[in-house]
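Me: I should like to understand the reasoning behind the terms used for this model. Please take me through them step by step.

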Amino acid sequence: MKLRSLRFPQVFAPAFLLLLATGAVAQQAAQPKPEDTEVWQPVPKIVTPGATDAQPPSDAIVLFNGTNEDEWVSAQDHTPARWFVHDGVLTVNKAPGVGNIETRRRFRDYQLHIEWKIPTDITGSGQARGNSGVFLASTGPGDSGYELQVLDSYNNATYVNGQAGSIYKQSPPLVNPDRPPGQWQTYDVIWTAPRFNADGSLKTPAYVTVFFNGVLVQNHFALKGQTLYIGQPFYKAYDTAPIKLQAHSDKSEPISFRNIWVRELN
Ligand code: MG
């Protein structure tokens, strides 16, 4: 057929259809697809969980498994730890001159699991009743460090930013899930170390999240600095630090720890 004999729509219909088709393809390309937001790499490393949530996963560093305190030293002079290991637990030694213990290893950011028990025959009151502590970074013998308080807070009034689950004198626990003396209790902690500028000034604060017996008690709390007994908290630059356990000087019966493990998050 001759072109000139074709009427307008017949001439342009194919081009018009092509335009329509092209538009449809373009529209299809712009249409979001499920695959657009799928990420396939890098694949997270496989970690085998413990038989229970209390048991260390395959990538954890075990700091106490019930048999010895080889991972611990005196915080004062770094001689081997002299607390008591018996029946699978680690008990504070309150004898004069023994003092706090800390890990041989140093850490920056980590996940920590630790269990503690106030003895059934605990005596004393307030801060003098089962006082210990987990110092999330032990930055030196002259420093206070950063203390997650351990205390019998089952039925024992004290200042709330000093009860079990508090960040000492900075942040009371959101709730009190304390169990009675004689029962094991757990802390699961996520610690993000503070970061410092080259001149030693603070770049970003330390953050801590704490589950106490599985209950959230500290939710990404930004620390104001080291946890001081007296005075306002302040930061002092450090890079990595041991984790320290407190031998508190009160006269109440010593508390015990077990199942201590840590996962580095560097
Ligand atoms: Mg304490």
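Me: What makes N131, S132, E147, Q149 and Q246 the protein donors of the magnesium ion?

Reply: The model is a predicted one. A donor must be an N, O or S atom within 2.8 Å of the magnesium ion. The atoms concerned are OD1 of N131, O of S132, OE of E147, OE1 of Q149 and OE1 of Q246, and they lie 2.2 to 2.3 Å from the ion. These atoms therefore satisfy the cut-off and count as donors. Along the sequence, the donor residues follow the spacing N-S-x14-E-x1-Q-x96-Q. One pair links distant parts of the chain: S132 belongs to strand β7 (residues 132–135) and Q149 to strand β8, 17 residues apart.

Me: How do you know whether S132 is buried or exposed?

Reply: A residue is called buried when its relative accessible area is under 20%. S132 has a value of 0%, so S132 is buried.

Me: Why is Q149 called buried?

Reply: The relative accessibility of Q149 is 0%, which means that Q149 falls under the 20% limit and counts as buried. In the protein chain, 43% of the 266 residues count as buried.

Me: Why is L174 called exposed?

Reply: The term exposed requires a relative accessible area over 50%. L174 reaches 54%, and it is therefore exposed. L174 is found in the loop between β8 and β9. Together with V175 and V215, L174 makes a nonpolar surface patch of about 240 Å².

Me: What makes a group of residues a nonpolar core, and which residues have the most contacts inside the largest one?

Reply: The members must be buried residues of certain kinds, Leu, Val and Trp among them, joined through side-chain atoms within 4.5 Å. The largest nonpolar core has 47 residues, and those with the most contacts inside it are L112, V134, Y187, W191, L245, F257 and I260. Among the elements that give two or more residues to this core are β1 (61–64), β9 (184–192) and β15 (256–264). Strand β6 gives the most, with four residues.

Me: Which residues is L245 in contact with, leaving aside its neighbours within four places in sequence?

Reply: Contact requires heavy atoms within 4.5 Å. On that basis, L245 is in contact with residues including W72, W83, L90, I114, V134, F257 and I260.

Me: How many helices and strands are there in the protein chain?

Reply: The protein chain has one helix and 15 strands. Of its contacts with a separation of 6 or more, 65% are between residues 24 or more positions apart.

Conventions: Residues are numbered from 1 along each chain as its sequence is written. This is a predicted model: local features need pLDDT of at least 70, side-chain atom pairs count only at pLDDT 80 or more; totals for chains, interfaces and linings use all residues. Side-chain values use heavy atoms; hydrogens and water are left out. Buried means under 20% relative accessible area, exposed over 50%, partly exposed in between (1.4 Å probe, protein chains only). Donors are N, O and S atoms within 2.8 Å of the metal (3.2 Å for Na, K and Ca); water is not among the atoms, so sites may look incomplete. Patches are made of residues with over 30% relative accessible area and no salt bridge: like charges are joined within 9 Å, nonpolar side chains (Val, Leu, Ile, Met, Phe, Trp, Tyr) within 5 Å. Accessible areas come from the Shrake-Rupley method with a 1.4 Å probe; for residues, only the protein chains shown count as cover. A salt bridge is a side-chain nitrogen of Lys or Arg within 4 Å of a carboxyl oxygen of Asp or Glu.
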